[in-house]
Amino acid sequence: MSDDETRAQLQRGLRIATLILAVLTVDVLGLIHLVQGLKSHDHPAAQFAAFAALTAVLATEAVLVVRRRPWRNGRRLAIAVVLGASALSYLTLPDGMTSTTVDWLFGAANWAGAVVLLDRPFRTFLAFLVTHELLALANLLVFHEVNRAALVRFTTGSVTVFGLPLLMAVVATVLGGIAAEAARAARELELARTAEAAASAAHRRRTQRFAELSGTAVPLLTGLADGVLEPSDPAVQRRCAIEAARMRRLFAETDLVGNPLLHELRHCAEIADRKGVEVELDARGQWPTPPVAVRRDLTNAALTALATAGSWARVTVVGSADAVSVSVVADCAEPAVPLPATPDVRIEVFDSGGTVWMEAQWQPS
Amino acid sequence: MAAELIRAVIVDDHAAIAAGVRYWCEQADPPIDLLDAGDRLAGVWTGRGADADVVIFDLELVPGKPDFGELRRLVDSGRRVVVYSQHADNATAIKCIDLGALAYLTKREGPEHLVPAVRAAAEGRGYTAPSLSGALAADDTPDRPRLSPRETEVLRAWFASSSKELVAAKLHITAKTVDTYIARVRVKYASVGRAASTKSELITRALDDGVITLAELNETAPLRR
């Protein structure tokens, strides 16, 4: 599961839970209190208007939840509606009824605000709660008789009115943190797995490379180290040149280039170039990229010829959609003809006394 | 009969190239009289340059902008052109030939190809250097002329070895036959595409020399529009 998915799922659950709580508080508990205290109200129409306003906010949230959409531009309006409804309800309350069951909206308004501000930062929601609380307190202080009983009712009522939505907001914040933490952990785990896979692939590749070199390069190096092979011997020098070119080709094989065959040939040519052999490399046509094993067969002829060339070599590639051939013409003294390892590669050698012409052709069957 | 001295004019913005070509021409036997027009095309059209037998033309006097238009004007006015270019791609090479250049050489090809190319052009014959040979062998455009397998084989071998003796020895033919195959390919290319006086000269000569017959010419050359 991706980071965003985890977070979205947690948030959606919390959003639905908050909406259910809000509907229960506003439209069930609030309505019961409103209807029960209807006789006490001087302006029942104003109270029902406030009730309708809060219900409208909750209905909008329900639609948004179903359509999996967040609040956007409507958020400020919804908060204004909630605070406006609160003001309307408080101002039309009969005397001495603040924070009683007749004051049905006191416990309900914060939940309507909660559904709108659930995904906002914690301080935004706190600011809303405080605003509403101050609104109720101002109403009590300005328009009603301030006595001990009213203040006690207001204080005890505020514990649940203020506390419960606050608790919900805290839970939302904590859950958000947990979701982020879980996502980060998942990401780290994935990174670790990728790194491990890459490392094991690299190791496998190195083992493979070593195996490929061990048959030819290792005996040569051991021979040189033991003193069995003499570095001044031209045959040993030739073997060294071939192995060097082979290693260069091996390193070039893993490079990401547009035309691997030409890239590898260039590396082979560079070895000869360094020996002072004048190398011409020219390619014509376009061809599909042959697999590594085929490329090795194709470059082998060039590689041995280049490594053993005396003073010059011409390497050419001609390709088409269904065949590619690599030719090398060089002044090699003793051509060593490599045998192709893949069935679709044909190697031809033409020796005209001092000048050797090798052609390796690949025609995929 | 002493061969008449060939006069060539080179247009190239690189002084080193012009100097090198001059040296090759002087060392050639018999030497070729070379006029250096620098990077001014006017030098080809006026004065001594206008009388030169062969124009050695740098396709990219302005880097990145191959001047096919100027090549076309030169060919249309009957000049024998050897294109000497640093461009190595197939399309450019074939386009030059299609426009009527008698030879196309890349600047990696030295006096062993440039001198024979100038001599061939002076006689109205085409010269196919290995790089052009490779381009023709690898040509896969839909309106290319139909080549026989042997012709393609010779083109590829010439491109690969850069030595006609080696091609001849490898394919068990004579060096002259190698030349004939290459000439036939050039005639096939000359007979498709746009008409140019140098190209009709090439075809006439090939017919006269029996390199290709009229019947062969008709069957292997679908008309290009």
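**Close-ups of chains B and A**

Buried residues make up 45% of the 225 residues of chain B (buried: 20 or more other C-beta atoms within 10 Å of the residue's own, with C-beta atoms placed from the backbone). This is a predicted model, where local features need pLDDT of at least 70, side-chain atom pairs count only at pLDDT 80 or more, and totals for chains, interfaces and linings use all residues. Residues are numbered from 1 along each chain as its sequence is written, with chains lettered from A and ligands numbered from 1 in the order in which they are written.

**View 1. The open sheet of chain B.** Five strands (DSSP E runs of at least two residues) line up as β2-β1-β3-β4-β5 with parallel pairing (at least two DSSP bridges between the strands). β2 (33–36) and β5 (103–106) of chain B sit at the edges with a single partner strand each, so one side of each lacks a neighbour in the sheet.

**View 2. Strands β4 and β5 of chain B.** β4 (residues 80–85) runs parallel to β5(B), and four bridges join the two. Look for S85(B) opposite T106(B) in β5(B).

**View 3. Helix α8 of chain A.** This helix (a DSSP H or I run of at least four residues) covers residues 234–253; at 1.5 Å a residue its 20 residues should span 28 Å, and the end C-alpha atoms are indeed 28 Å apart (expected span: 1.5 Å times one less than the number of residues). Its buried residues are R239(A), A241(A), I242(A), A245(A), R246(A) and R249(A). They cover an arc of only 160° around the axis, which puts them on the same side of α8(A) (arc taken from the directions from helix axis to C-beta atoms).

Definitions and conventions. Buried ≥ 20, exposed ≤ 12 C-beta atoms within 10 Å, placed from the backbone.
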